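Please open the structure in your viewer and keep the sequence panel visible beside it. The tour proceeds by selections, each followed by a short account of what is found there.

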Amino acid sequence: MSAADQPIYGRVALIGLGLIASSMFWGMKRAGLAGEVTGYARSQETRDTARKIGLCDQVFDSAQEAVKDADLVVLCVPVGVMGAVAKDIAPALKPGATVTDVGSVKRQVIDDVSPHLPTGVHFVPAHPLAGTEHSGPESGFAELFDNRWCLLITDAETDRTAADNLARFWRGLGSNVDEMEADHHDLVLAVTSHTPHLIAYTMVGVADDLRRVSESEVIKYSASGFRDFTRIAASDPTMWRDVFLNNKDATLEILGRFTEELFALQRAIRQGDGDHLHDYFTRTRAIRRGIIEAGQDTDAPDFGRGSAS
Ligand SMILES: NC(=O)c1ccc[n+]([C@@H]2O[C@H](COP(=O)([O-])OP(=O)(O)OC[C@H]3O[C@@H](n4cnc5c(N)ncnc54)[C@H](O)[C@@H]3O)[C@@H](O)[C@H]2O)c1
Ligand SMILES: O=C(O)C(=O)C[C@]1(C(=O)O)C=C[C@@H](O)C=C1
């Protein structure tokens, strides 16, 4: 990753010092994207850890102090508290500053944050499509966003200079950047991220109900599929509670469709309808192959791509 010729922002403030903020910090340092990075976390323990590991050039004990004089303020807290944090920092924001967030849900965050921001402060919501099941200030790493998408939420009201600078910033962190409208974002993410997480949580819960996980049988005899489910189901409970509560309509819509398909598959199994199962699995296999052929899955191994039995 090549370093920027000069910082894009003189001062960047990170509010909430967990996985995403810490990854952004190390990524900014790697590429020289900010003159100075300040930070604030709600708990004393997190602030102490951040100071100990050198996360942020300065860690403040209040969010207002952290955002003072910042050219870019990044809200890196769970989506359910974005509005409260925006309200808290609003009086201390520098005129002309850009406020952004990294929340996994966009419409509700926009509705919660926008009313608090003073005129002259530009709000450009964003969502990096990158993460892990880990959380907290020690979980971040500079490479997290490399070759991942970051979606900026824009519309006719968006300040173009603010959005273009933020796009440059995310490219500097290693991401590919695209722009999208908020409701569309929430529907797409309900399909690609939110509902799959709920399914993983459920499947691991079901296995646990069978009292096999803790006895290690399920893990011992599982191939990568179920292990991936357990990784996903280890994701932060607060973050994911907030995702579902704040992307209710889209998640319920996709979950409804999912349940209908699941019932159809359940009926096919009960009735011994092999054609239904085979046709369904043939369709889904073609989708996976299309993703790989389009070069969209950089993690996919080479083997097995060609076998079309
Ligand atoms: N983890 C992922 O995979 C991922 C990926 C993309 C986007 N996101 C989004 O990024 C945001 C942060 O997620 P994360 O994974 O970094 O979480 P995290 O749990 O690692 O960090 C969140 C931080 O916010 C702090 N916090 C909570 N409430 C606060 C408040 N009221 N005021 C100040 N700080 C507060 C927590 O103490 C914690 O330090 C969330 O909105 C999430 O939806 C997460
Ligand atoms: O890889 C993971 O652990 C993730 O779950 C990352 C993931 C995703 O679903 O892809 C999770 C939530 C985010 O909002 C963005 C990315």
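**A guided tour of the predicted model**

Around ligand 1, the shell is made up of 17 nonpolar, 9 polar and 2 charged residues. Please bear in mind throughout that this is a predicted model.

Remain at ligand 1 and select Gly16, Gly18, Ser104, Gly131 and Ser135, which come nearest among the 28 residues around this ligand. Next, colour helix H1 (19–31), helix H4 (82–89) and helix H10 (237–246), the elements that each give two or more residues to the shell. Which element gives the largest share of the shell around ligand 1? That element is H1, with 3 residues.

Now select residues 12–28. The UniProt record, an unreviewed entry, lists this stretch as "transmembrane region". In the model, residues 12–28 are 59% helix and 24% strand, and the C-alpha atoms at the two ends are 10 Å apart.

Move to ligand 2 and select Ser104, Leu129, Ala130, Gly131, Thr132, Glu133, Ser193 and Ile232, the residues around it. By class, 3 of the shell residues are nonpolar, 4 are polar and 1 is charged.

The next selection is a sheet. Display strands E7, E8 and E9, which form an open sheet in the order E7-E8-E9 with mixed pairing. Strand E7 (126–128) and strand E9 (176–180) each have a single partner strand and stand at the edges, so one side of each has no neighbour in the sheet. On average, neighbouring strands here are turned by 20° against each other, direction ignored.

Look more closely at E8 (residues 149–153) and E9, which run parallel and are joined by 5 bridges. Which residue of E9 is the bridge partner of Ile153? The partner is Met180.

Add helix H6 (residues 160–172), which packs on the sheet and touches E7, E8 and E9; its direction makes about 170° with that of E8. Then add H7, which lies across E7, E8 and E9 and runs at about 145° to E8.

For the last stop, keep helix H7 (residues 182–209) and show helix H11 (residues 248–271): their axes come within 9 Å and cross at roughly 60°. Is this crossing left-handed or right-handed? The crossing of H7 and H11 is right-handed. To view the contact, select Asp186, Leu187, Ala190, Val191, His194, Thr195 and Leu198 of H7, together with Ala250, Thr251, Glu253, Ile254, Leu255 and Phe258 of H11. The residues of this contact comprise 8 nonpolar, 3 polar and 2 charged.

Conventions:
Residues are numbered from 1 along each chain as its sequence is written. Chains are lettered from A and ligands numbered from 1 in the order in which they are written. This is a predicted model: local features need pLDDT of at least 70, side-chain atom pairs count only at pLDDT 80 or more; totals for chains, interfaces and linings use all residues. A residue is near a molecule or strand if its C-beta atom, placed from the backbone, lies within 6 Å of it. Ala, Val, Leu, Ile, Met, Phe, Trp, Tyr, Cys and Pro count as nonpolar, Asp, Glu, Lys and Arg as charged, and the others, Gly among them, as polar. Axes are lines fitted to C-alpha atoms, for helices over the stretch in contact, and angles run from 0 to 180 degrees between N-to-C directions. Helices (H or I, at least four residues) and strands (E, at least two) are DSSP runs, numbered from the N terminus. A crossing is left-handed if the near helix is turned anticlockwise from the far one by less than a right angle, and right-handed if clockwise. Two residues are in contact if their C-beta atoms, placed from the backbone, lie within 7 Å. Two strands pair if DSSP finds at least two bridges between them. UniProt positions are given in the numbering used here, feature names are shortened, and annotations may be inferred rather than shown by experiment.
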